[in-house]
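Biologist: I am new to this structure and would like a close look at a single part of it. Could you take one helix and the core around it, and then follow the contacts outward from there?

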Amino acid sequence: MKSRMSSKLSSTKKVPVIDLGHLGLGQEPGQEEWQRVTRELYNALTEFGCSYLANHGVPDDQWRLLYDSTIAFFNLEQGKKDRYAFDADKLSGYIGMGSESYSGSTRELCEGLLARRTEQLPDEPEIPSLKPAAESFLKSCKELSERIMAALSLSLGKDPEHLLSIHKERGTDKNITTLRFNHYPPVPSTIPEGTFRFGAHRDFGTITFIFQDDCGGLQVQDSEGSWFDVTPVPGTIFLLAGEFLQFHSGEKFLAPTHKVLIPAGEEARGTARVSILYFVAPDNHIPMRPPGNPSTDTPMTVQEYITSSIKNAQK
């Protein structure tokens, strides 16, 4: 297993757990709570580019129902899943095993399902709960992300509406905020060298919420190039900053590279892993990099950048 990992590995990194308190869903935070969470998010995203979010308010039964529905979809016979083939322009559909790679040459043992709206999800009699579960889940994630983006705006010395004002079209064709379901099946007894469950990459958008089971395997790379484990913490969401947020924070926030490893133990290798991710992106027409950025005179839009990056990962 060591040959599939960076030579630099640090297991001592402590990604902060941020207690959202009354910033969690269903509550009204006071000024002191806003200030505390704003400060803690700023510290976490400038040092690590990520954090755990506790007391986030997304109901556990909501996540559990969607998790069970996700497993039911991936357990469908292959022919049924293939009917929902991925459309990169619409950012929706099923991605089969081994058909994408975000890290170049590595093989990735993952299959995925993407949708920007619930009507894009599969409609199969075996999984009647998928669409209603996703509908309520998307609503919770959208509301929570608005609170997080308001806090991030404040942490940058901006008006709380600063980021929200360029994320107005989520849920429409003018924005590509996406819900993704990942299924990592049990690992075969023999695999090629350089295989990962998901290769090293950075997220493209503003922020990502990761809801993961207890299997583990997620690693994040720090600013010095060392990798550290992101051990699942029950009841939390794992928050990642994306490239857009790094660019538009004046490089204050980090968009960390991350990957999902092949487990080392035999029992872990024989266990499937599931994660559900909510990728928050700005509205399609927003420049991916701030105007006047020296890297380019005509910056790509968010839609152009993210769509082309995803297409480049398809095999």
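Modeller: What follows starts from one long helix and its core, and then moves on to the aromatic rings, the loops and a few single residues. Please keep in mind throughout that this is a predicted model.

The part to begin with is helix H4, which runs over residues 130-155 and so has 26 residues by the way helices are assigned here. From its first C-alpha to its last, H4 reaches 36 Å, which is close to the 38 Å expected at 1.5 Å a residue. Just after H4 comes Gly157, whose phi is positive, at about 80 degrees.

The largest nonpolar core of the model has 84 residues, and the ones with the most contacts inside it are Ile148, Phe209 and Phe238. H4 gives the most to this core, with 12 residues. Ile148 has a number within the range of H4, residues 130-155, and, if its neighbours within four places in sequence are left aside, Ile148 is in contact with Leu20, Leu41, Leu53, Ile207, Phe209 and Leu239. One of these partners, Phe209, is itself among the residues with the most contacts inside the core.

A second place to look along H4 is its contact with helix H2, which covers residues 60-74. Gln62 lies in H2, and because its relative accessibility is 13%, under the 20% limit, Gln62 counts as buried. The side chain of Gln62 makes a polar contact with the side chain of Ser140, at 2.8 Å. Not counting residues up to four places away in sequence, Gln62 touches Ser136, Phe137 and Ser140. Phe137 appears again in a cluster of aromatic rings, where ring pairs link Trp63, Tyr67, Phe137 and Phe211.

Turning to the rings more widely, the count comes to 12 aromatic pairs. Phe73 and Tyr94 form a pair that is edge-to-face, with 6.0 Å from centre to centre and 70 degrees between the planes. This pair links distant parts of the chain, since Phe73 is in helix H2 and Tyr94 is in strand E3 (residues 93-95), 21 residues apart. Phe73 counts as buried at 0% relative accessibility, and Tyr94 is also buried, with a relative accessible area of 4%.

In two other places a charged group is found over a ring. The charged end of Lys259 sits over the ring of Trp227, 3.9 Å from its centre, while the charged end of Arg289 sits over the ring of Phe247, 3.8 Å from its centre. Arg289 belongs to the loop between strand E14 (273-280) and helix H7 (302-313), and with a relative accessible area of 25% Arg289 is partly exposed. Arg289 and Tyr305 are 16 residues apart in sequence, and their C-alpha atoms are 9.9 Å apart in space.

Phe247 has a number within helix H5 (243-248), and the loop between H5 and strand E13 (258-260) holds Ser249. At 5% relative accessibility Ser249 counts as buried, and a polar atom of its side chain lies 3.0 Å from the backbone nitrogen of Phe253.

Strand E14 brings in another aromatic residue, Phe279, which counts as partly exposed at 24% relative accessibility. Leaving out residues up to four places away in sequence, Phe279 touches Thr177, Thr178, Arg180, Asp203, Ile207 and Thr208. Ile207 is thus a partner of Phe279 and is also listed among the contacts of Ile148. Phe279 and Thr46, by comparison, are 233 residues apart in sequence and 20 Å apart in space, C-alpha to C-alpha.

Two loop residues are worth a look for their backbone. Most residues other than glycine have a negative phi. Asn55 has a positive phi near 50 degrees; Asn55 is placed in the loop between strand E2 (50-54) and H2, and is partly exposed, with a relative accessible area of 48%. Leu91 likewise has a positive phi near 50 degrees and is found in the loop between helix H3 (78-82) and E3, but Leu91 is buried, with a relative accessible area of 2%.

Definitions and conventions: Residues numbered from 1 in each chain as written. Heavy atoms only, no water. Helix = DSSP H or I, 4+ residues; strand = E, 2+ residues; numbered from the N terminus. Expected span 1.5 Å × (residues − 1). Core = buried A, V, L, I, M, F, W, Y, C linked by side-chain atoms within 4.5 Å. Buried < 20%, exposed > 50% of the residue type's maximum accessible area, 1.4 Å probe, protein only. Contact = heavy atoms within 4.5 Å. Phe/Tyr/Trp six-rings, centres within 6.5 Å; stacked < 30°, edge-to-face > 60°. Lys NZ or Arg CZ within 6 Å of the ring centre and 35° of its normal. Polar contact = N/O pair within 3.5 Å; in protein donor to acceptor, adjacent residues only side chain to side chain.
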